[in-house]
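This report is meant for someone meeting the structure for the first time. Please look over the sequence and the model below before reading on.

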Amino acid sequence: MLPSGRLRRRAIALACLPAVAVTAFALAGRPVKARDAGFSLSAIEPAGSSLHGPTFATLAARSTRLLEQTFYTGHGLWRMCDPVVCNAKNRDWGADSLTNLLYFRWLVTRDPTVLPILRTLAGTAPAWVPGELASSDSVMWDAVADARIYQATGS
């Protein structure tokens with residue numbers, strides 16, 4: 001039987017710790033190899049790559065460029081797509097998770113390419129008003145993303 005409530009959340013958090021540690025090393029530019037963490041990158045390694053594949057730092061930099069060049073519109077919004085519809089927005093947990101990824105990149109590496117994007121996202125952040133219809137998750141995650149933007153940019 002699965003644990004419930006607080007116990008289940010703690011179990012999930014403990015299970016995620018190794019992945020968080022590996023990601024932190026990757027974002028910090030440490031030369032941690034994928035094989036050291038028990039992952040296989042053979043499906044994404046280009047032909048002729050080194051015996052041990054790219055470092056996590058290299059993969060983190062690639063992921064950041066993917067966020068900046070593919071998912072970010074350049075106008076303070078994120079491209080959000082499902083199989084039928086694509087739109088651009090800076091609202092709800094999907095967009096907020098992308099904003100948080102950029103914040104974590106900045107937090108660990110102080111990557112200067114992230115700050116202009118975060119500043120533009122601050123300008124398109126939703127202004128919630130009392131009684132506005134939305135899920136509480138949207139309000140909460142928007143607030144977390146906005147706080148992260150402020151921590152990085154001061155705006």
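## Backbone, helix packing and a cavity

Arg110 counts as partly exposed, because its relative accessibility is 48%. In this model, which is predicted, Arg110 belongs to the loop that links H3 to H4, and its phi is near 55°, a positive value in a residue other than glycine. Most residues other than glycine have a negative phi. A second residue with a positive phi is Asp92, which is not a glycine either and whose phi is near 90°. Asp92 is found in the loop between strand S2 (86-89) and H3, and it counts as buried because its relative accessibility, 18%, falls under the 20% cut-off. The table sets out the two residues side by side.

| Residue | Phi | Loop | Relative accessibility |
|---|---|---|---|
| Asp92 | near 90° | between S2 and H3 | 18%, buried |
| Arg110 | near 55° | between H3 and H4 | 48%, partly exposed |

For the chain as a whole, the secondary structure comes to five helices and two strands, and these follow one another along the sequence in the pattern α-α-β-β-α-α-α. The protein chain has 155 residues, of which 29% are buried. When contacts between residues at least 6 apart in sequence are considered, 53% of them join residues at least 24 apart.

The loop that holds Arg110 lies between H3 and H4, and these two helices also pack against each other. Helix H3 covers residues 93-109 and helix H4 covers residues 114-123, and the two pack at an angle of about 145° with their axes 10 Å apart. Their crossing is left-handed. On the H3 side the contact is made by Thr99, Leu102, Tyr103, Arg105 and Trp106, which meet Val114, Leu115, Ile117, Leu118 and Leu121 of H4. By residue class, this contact between H3 and H4 divides into eight nonpolar residues, one polar and one charged.

Another residue of helix H3 is Asn100, which counts as buried because its relative accessibility is 10%, under the 20% cut-off. Which residues does Asn100 contact, leaving aside its neighbours within four places in sequence? They are Val144, Ala145 and Arg148. Asn100 and Val144 are 44 residues apart along the chain, while their C-alpha atoms are separated by 8.3 Å.

Ala145, a contact of Asn100, also appears in the lining of the largest cavity. Rolling a probe the size of a water molecule over the atoms shows where empty space is left. A search of the whole structure finds one cavity of 30 Å³ or more, and the volume of the largest cavity is about 40 Å³. Its lining consists of Asn90, Asp96, Thr99, Ala125, Pro126, Asp142, Ala145, Asp146 and Ile149. The elements that give two or more residues to this lining are H3 and helix H5 (136-153), and H5 provides the largest share, four residues. The lining divides into four nonpolar residues, two polar and three charged. Thr99 therefore links two parts of this account, as it is named both in the contact of H3 with H4 and in the lining of the largest cavity, where 4 Å from a grid point is the cut-off for a lining residue.

Notes:
Residues are numbered from 1 along each chain as its sequence is written. This is a predicted model: local features need pLDDT of at least 70, side-chain atom pairs count only at pLDDT 80 or more; totals for chains, interfaces and linings use all residues. Side-chain values use heavy atoms; hydrogens and water are left out. Axes are lines fitted to C-alpha atoms, for helices over the stretch in contact, and angles run from 0 to 180 degrees between N-to-C directions. A crossing is left-handed if the near helix is turned anticlockwise from the far one by less than a right angle, and right-handed if clockwise. Contact means heavy atoms within 4.5 Å. Ala, Val, Leu, Ile, Met, Phe, Trp, Tyr, Cys and Pro count as nonpolar, Asp, Glu, Lys and Arg as charged, and the others, Gly among them, as polar. On a 1 Å grid over the protein atoms alone, a cavity is a set of points where a 1.4 Å probe fits but cannot get out, and a pocket is an open set with protein on both sides within 12 Å along at least five of seven lines; lining residues have an atom within 4 Å of a point. Grid points are joined across faces, edges and corners, and a volume is the space filled by probe spheres set on the points. Buried means under 20% relative accessible area, exposed over 50%, partly exposed in between (1.4 Å probe, protein chains only).
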